[in-house]
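I opened this structure to take notes on a few backbone oddities, the salt bridges, one helix and the nonpolar cores. My entries follow in the order I looked things up.

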Amino acid sequence: MSDNESKKARRNAARERAREARQKEQARRRRNKTFLISGIIVASLAVVAIVVLVVANSIQPVGPGPKNMASDGIVLTGQNGKIVPVETKGIPEGGKPRATKQDDSVANITVYEDYMCPICNQFETGNMSQIKQWVQDGTATLEVRPFNLLDRASLGSKYSTRSAAAAACVANYDPDAFLDVNSAFYENQPSENTRGLTNDKLADIAKKAGATNAEVQSCITDQRFAGWVADATNRALTEPLPNSDLPKLTGTPTVLVNGKQYNGTGTNAWSDAQAFASFVEQNVGSGK
């Protein structure tokens with residue numbers, strides 16, 4: 001082979017090697033691009049799945065309401081010197097509450113409350129003892145309506161919803177223990193702007209307070225009535241309050257006596273049992 005032929009062969013071989021190298025590089029880039037696109041798709045699907053899961057977990061179906069709270073609250077009356085709950089069926093799914101029938105010859109006390117509300121706790125601590133006595137002797141009825149106005153004050157844990165749902169579990173499965181559990185939740189009230197108590201702790205408090213029906217515990221930990229709490233709260237915040245002239249609920253606590261709102265006066269107004277007793281006396285038999 002001549003020198004010219006030898007050089008030409010080397011050039012052709014070099015070109016072939018360069019072509020093969022370019023083809024390999026192009027193939028490598030195509031593989032990398034495919035892997036990148038696949039990775040983006042997988043990651044995007046994972047994000048979508050997480051978002052769907054979060055949204056699904058954040059939406060509680062309303063479902064039927066708890067038994068013994070057909071008015072969105074539990075009503076307690078006196079019977080032979082004892083406090084007993086008025087038994088009712090739960091609000092059916094998609095149904096509406098029924099306003100409680102009231103007799104103005106006695107004091108019909110209605111309390112809209114949030115278990116994270118410190119003023120609600122003041123009212124409970126200062127007045128529940130005498131309210132219980134009035135109910136026992138038949139001179140008053142008590143309707144307790146938990147709701148979730150202060151969810152924003154529990155660092156995302158929705159303590160107001162969870163504790164109200166826990167109270168609904170007691171009303172549904174062990175209503176005779178409701179008032180004792182109600183008081184126990186206030187005795188163990190967490191501070192605002194904390195995450196509050198866990199569902200397990202709420203269940204434990206309820207059990208120790210007398211709600212020993214086994215269904216109460218699982219109902220609380222499963223948050224069976226969280227959807228109902230949201231629905232009942234929305235009704236209270238957007239619709240007229242039954243047995244009153246109030247167009248809607250605007251704060252917590254809201255306490256009504258025969259339809260008249262108690263606001264109290266002075267530094268210790270909400271815990272002042274004498275002031276509340278005077279208000280009750282003024283409104284028994286007065287009409288709305």
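**Entry: D72.** I looked up D72 and found it in the loop between helix 1 (3-58) and strand 1 (74-79). The model is a predicted one, and I read every value with that in mind. D72 is not a glycine, yet its phi is positive, about 80 degrees. I noted for comparison that most residues other than glycine have a negative phi. I then checked burial: D72 has 2% relative accessibility, and because buried means under 20%, D72 counts as buried.

**Entry: the partner of D72.** Which residue forms a salt bridge with D72? I found R235, with the closest N and O atoms 2.8 Å apart. D72 sits in the loop between helix 1 and strand 1 while R235 belongs to helix 7, so the pair ties together parts that are 163 residues apart in sequence. R235 is buried too, with a relative accessible area of 7%.

**Entry: other salt bridges.** I counted seven salt bridges in the structure. One of them joins E143 and R145, whose closest N and O atoms are 3.6 Å apart. E143 is buried at 4% relative accessibility, and R145 is buried with a relative accessible area of 8%. I also looked at K208 and D204, whose side chains meet in a salt bridge of 3.2 Å, N to O. Both K208 and D204 lie in helix 5, four residues apart, which is about one turn of the helix. K208 counts as exposed at 67% relative accessibility, whereas D204 is partly exposed, with a relative accessible area of 27%. I noted last that D72, D231 and R235 are joined into one network by salt bridges that share partners.

**Entry: helix 5.** Where do the buried residues of helix 5 fall, seen down the axis? I first listed the buried ones in this helix (residues 199-208): N199, L202, A203, I205 and A206. Down the axis of helix 5 they fall within an arc of 160 degrees, so they line one face of the helix. D200 and K208 are exposed on the other side of helix 5. I checked what the buried residues of helix 5 pack against, and found helix 3, helix 4 (178-187) and helix 6 (214-222). Just after helix 5, I saw that G210 takes a positive phi of about 120 degrees.

**Entry: L155 and P253.** I found another positive phi outside glycine at L155, near 55 degrees. L155 lies in the loop between strand 4 (140-146) and helix 3. Is L155 buried or exposed? L155 counts as exposed, at 52% relative accessibility. I also looked at the peptide bond from T252 to P253, which is cis, with omega near -5 degrees. P253 lies in the loop between helix 7 (226-238) and strand 5 (254-257).

**Entry: nonpolar cores.** I turned to the largest nonpolar core, which has 58 residues. Its members I109, I131, L142 and F276 touch the most other members. Helix 3 (residues 159-173) gives the most to this core, with nine residues. Apart from this core I found another, of six residues, among them Y112, A236, L241 and L249. I then followed I109 and, leaving out residues up to four places away in sequence, listed its contacts, including I131, W134, L142, V255, V257 and F276. E143, which I had met in a salt bridge with R145, is also touched by I109.

Key:
Residues are numbered from 1 along each chain as its sequence is written. This is a predicted model: local features need pLDDT of at least 70, side-chain atom pairs count only at pLDDT 80 or more; totals for chains, interfaces and linings use all residues. Side-chain values use heavy atoms; hydrogens and water are left out. A nonpolar core is a set of buried Ala, Val, Leu, Ile, Met, Phe, Trp, Tyr and Cys residues joined through side-chain atoms within 4.5 Å. Buried means under 20% relative accessible area, exposed over 50%, partly exposed in between (1.4 Å probe, protein chains only). Helices (H or I, at least four residues) and strands (E, at least two) are DSSP runs, numbered from the N terminus. Contact means heavy atoms within 4.5 Å. The arc is that of the directions from the helix axis to the C-beta atoms. A salt bridge is a side-chain nitrogen of Lys or Arg within 4 Å of a carboxyl oxygen of Asp or Glu.
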